[in-house]
Amino acid sequence: MLLVLSDEHRGHLKFLTQVDANVVKEFCKISLDFIRKGVNRKVYQSAAQKLGVDMVTIQHGVEGLMYLFTECSKLMLSELDFHDSILTLGFSEEINKELLQIYLDNRKEVRNIVSQLSLALPNYHNLEWRFDIQLASRSLQRQAEPQVLLKLHTKQNGESQHHVMQTDPVNLLHLTHTLEAALNEVKSQHCRRIMRNIK
């Protein structure tokens with residue numbers, strides 16, 4: 001799976017393609033510190049004075065790297081996927097290798113920090129299902145109306161919840177095929193190649 005960055009994020013990171021590799025390393029260090037401890041605006045001011053650019057450009061560069069590291073860590077991108085994701089940003093090969101190494105060294109820590117900040121969503125616990133068929137009614141003899149009744153059990157913060165849903169087999173089958181096709185398409189080599197080359 002590749003991380004596809006929007007044009008806005010590419011624009012934020014474009015400044016880093018014009019500076020030295022040591023400056024990019026420093027930006028990476030700052031962005032990881034900000035992920036750990038929070039944003040310190042004084043750092044933006046001092047970096048802007050040293051590099052002779054405006055503070056907004058520095059802020060966008062650091063925030064762009066923060067977004068890159070947090071999203072890649074959330075997705076747990078492999079070494080190859082991370083490398084392919086940053087190829088489109090226009091960095092030199094030296095900076096690409098440095099970004100990859102920084103990502104590999106810090107992805108577990110960043111993932112832990114992001115998971116602590118994220119919302120606690122319900123987790124799947126169990127699914128019960130029942131197949132009902134109405135064969136006849138007073139007004140209609142010899143009818144067949146199949147229905148699938150689903151009871152989804154979830155857990156959130158130790159509390160159990162259940163959700164009851166009803167559908168017909170045709171819609172359930174269509175939904176299943178559509179989801180399976182989408183998952184298979186994303187995993188295909190053709191799709192990965194296209195996502196890698198999207199600019």
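**Reasoning through a predicted fold**

Me: Lys155 faces Ser160, a residue of strand 3. In what sense do strand 2 and strand 3 pair?

Reply: The model is a predicted one. In it, strand 2, residues 145-156, pairs with strand 3 in the antiparallel sense, over nine bridges. Two strands count as paired from at least two bridges, so nine bridges satisfy the criterion. Further opposed positions are Leu152 with His163 of strand 3 and Leu150 with Met165 of strand 3.

Me: How do you know that strand 1 and strand 2 pair?

Reply: The criterion asks for at least two bridges. Eleven bridges join strand 1 to strand 2, so the two strands are paired, and they run antiparallel. Within this pair, Leu127 stands opposite Leu152 of strand 2. Leu152 thus has two partners, Leu127 and His163 of strand 3.

Me: What makes strand 1 and strand 3 edge strands?

Reply: Strand 1 (123-134) and strand 3 (159-167) each pair on one side only. The sheet is open, with three strands in the order 1-2-3 and antiparallel pairing. On average, neighbouring strands are turned by 15° against each other, direction ignored.

Me: Which helix lies across strand 1, strand 2 and strand 3?

Reply: Helix 7, residues 169-187, lies across these three strands and runs at about 50° to strand 2. An angle of about 50° falls outside the ranges for roughly parallel (under 35 degrees), roughly perpendicular (65 to 115) and roughly antiparallel (over 145), so it counts as oblique.

Me: Why is Glu180 called partly exposed?

Reply: Glu180 has 43% relative accessibility. Partly exposed covers the range between the buried limit of under 20% and the exposed limit of over 50%, so 43% belongs there. Glu180 is a residue of helix 7. Its C-alpha atom is separated by 19 Å from that of Met195, 15 residues apart along the chain.

Me: What is Asn157 called, buried or exposed?

Reply: Asn157 has a relative accessible area of 68%; exposed means over 50%, so Asn157 is exposed. Asn157 sits in the loop between strand 2 and strand 3. In that hairpin, which has two residues between the strands, Asn157 takes a positive phi near 55°. This is a positive value in a residue other than glycine.

Me: What is the phi of Met76?

Reply: The phi of Met76 is near 50°, again a positive value in a residue other than glycine. Met76 belongs to the loop between helix 4 and helix 5. With 35% relative accessibility, Met76 lies between the limits of 20% and 50%, and it therefore counts as partly exposed.

Me: Why is helix 2 called roughly parallel to helix 6?

Reply: Helix 2 and helix 6 pack at an angle of about 5°, with their axes 11 Å apart. Angles under 35 degrees count as roughly parallel, so the label applies to helix 2 and helix 6.

Me: Which residues of helix 2 and helix 6 meet?

Reply: Helix 2 contributes Ala21, Val24, Lys25, Cys28, Leu32, Ile35 and Arg36, which meet Glu94, Ile95, Glu98, Leu99, Ile102, Asn106, Glu109, Val110 and Ile113 of helix 6. By class, the residues of this contact are ten nonpolar, one polar and five charged. One of them, Glu98 in helix 6, has a relative accessible area of 29% and lies between the 20% and 50% limits, so it is partly exposed. Glu98 and Cys28 are 70 residues apart in sequence, while their C-alpha atoms are 9.5 Å apart in space.

Me: How many residues does the largest nonpolar core have?

Reply: The largest nonpolar core has 38 residues, and Leu16, Leu65, Phe69, Phe82 and Leu99 have the most contacts inside it. At least two core residues come from each of helix 2 (21-37), helix 3 (41-51), helix 4 (55-75), helix 5 (79-87) and helix 6 (93-117). Helix 2 supplies the largest share, nine residues. In soluble globular proteins, nonpolar side chains tend to be buried together.

Me: Which residues does Leu65 touch?

Reply: Leaving out residues up to four places away in sequence, Leu65 touches Leu13, Leu16, Phe27, Cys28, Ser31 and Leu99. Among these partners, Leu16 and Leu99 are also listed with Leu65 for the most contacts inside the core.

Key: Residues numbered from 1 in each chain as written. Predicted model: local features only at pLDDT ≥ 70, side-chain atom pairs only at ≥ 80, totals over all residues. Heavy atoms only, no water. Core = buried A, V, L, I, M, F, W, Y, C linked by side-chain atoms within 4.5 Å. Buried < 20%, exposed > 50% of the residue type's maximum accessible area, 1.4 Å probe, protein only. Helix = DSSP H or I, 4+ residues; strand = E, 2+ residues; numbered from the N terminus. Contact = heavy atoms within 4.5 Å. Axes fitted to C-alpha atoms, helices over the stretch in contact; angles between N-to-C directions. Nonpolar A, V, L, I, M, F, W, Y, C, P; charged D, E, K, R; others polar.
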